[in-house]
Amino acid sequence: MVAIISTFPNIFVQVFLVGTWLGVILIFAEVLNRFAKVDPEVSRKVVHIGTGNVILLAWWLQIPAWVGIMAGILSAAIALISYRFPILPSVNSVGRKSLGTFFYAVSIGILIGCFWFLKQPQYAALGILIMAWGDGLAAVIGQNFGKHPYQVWGMKKSWEGSLTMCLVSYIICSLILLAVQGNIWQTWVVAIPVALGATALETLSKVGIDNLTVPLGSAALCFVLNQFL
């Protein structure tokens, strides 16, 4: 308890920086939604990608695990409330049933809780960033340039979107592993099954559950592979 109390001034600074980043992202998305009148999906993806990058701040600032877990719980609660009340129209006004925002917050809390405890925060960052950038850009590319559609369990997908998900996932995984473990063969090889697995999970997931399965699955797969290779 004494140790926790002694770190409060530093924690306040960390939380302020993270909160400022999230606030800027949400305000920007709300401005796009309310005044620029962009497609709701656009403002949602701004939040999706922008908030995902907060994991890099948490990693860089070495935010304590309990702070990340509490933030995940609070964000999940706000997400659930916003489905009932229009708190965040830029996030939930896409005209389709999805618990994606809730699952997103849950996945951040779980990954921080697990990999901060293991002192391997790179895997938490990897999982969240694959979800943020991979799924975010896949949706943008698929909706705007998807010329080769296919369906899985009644869900409309495109090969362009899926290939974007796979490529972005590979790049993110490779860059994070490169930064942590250097230019070794495992860095480039491990990223291949991680990218393929993330793409498969994104393709097969319904009602926004990919915001849970993709980050958790990607992080877990990368962690396991790195233990045996």
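**Close-up 1. Phe-115, Tyr-123 and Phe-223 join into a cluster through ring pairs.** In this predicted model, the structure holds five aromatic pairs. Let us look at one of the pairs in this cluster. Tyr-123 and Phe-223 meet edge-to-face, with 5.3 Å from centre to centre and 90 degrees between the planes. Tyr-123 belongs to helix α8 (residues 121-145) and Phe-223 to helix α11 (residues 210-228), so this pair ties together parts that lie 100 residues apart in sequence. How do the two partners fare in accessibility, buried or partly exposed? Tyr-123 has 4% relative accessibility and therefore counts as buried, while Phe-223, at 22%, counts as partly exposed.

**Close-up 2. Phe-102 and Phe-103 form a tilted pair.** Here is another of the five aromatic pairs in the structure. The ring centres of Phe-102 and Phe-103 are 5.6 Å apart and their planes stand at 55 degrees, so the pair is tilted: edge-to-face would need an angle over 60 degrees. Phe-102 counts as partly exposed because its relative accessibility is 21%. Phe-103, with 13% relative accessibility, counts as buried; the cut-off for buried is under 20%.

**Close-up 3. Ser-174 sits in helix α9.** Now for a view without a ring pair as its topic. Helix α9 covers residues 159-181, and Ser-174 has its place there. At 3% relative accessibility, Ser-174 counts as buried. Which residues does Ser-174 touch, not counting those up to four places away in sequence? They are Thr-187, Trp-188 and Ala-191.

Notes:
Residues are numbered from 1 along each chain as its sequence is written. This is a predicted model: local features need pLDDT of at least 70, side-chain atom pairs count only at pLDDT 80 or more; totals for chains, interfaces and linings use all residues. Side-chain values use heavy atoms; hydrogens and water are left out. Rings of Phe, Tyr and Trp (its six-membered ring) pair if their centres lie within 6.5 Å; planes under 30 degrees apart count as stacked, over 60 as edge-to-face and the rest as tilted. Buried means under 20% relative accessible area, exposed over 50%, partly exposed in between (1.4 Å probe, protein chains only). Helices (H or I, at least four residues) and strands (E, at least two) are DSSP runs, numbered from the N terminus. Contact means heavy atoms within 4.5 Å.
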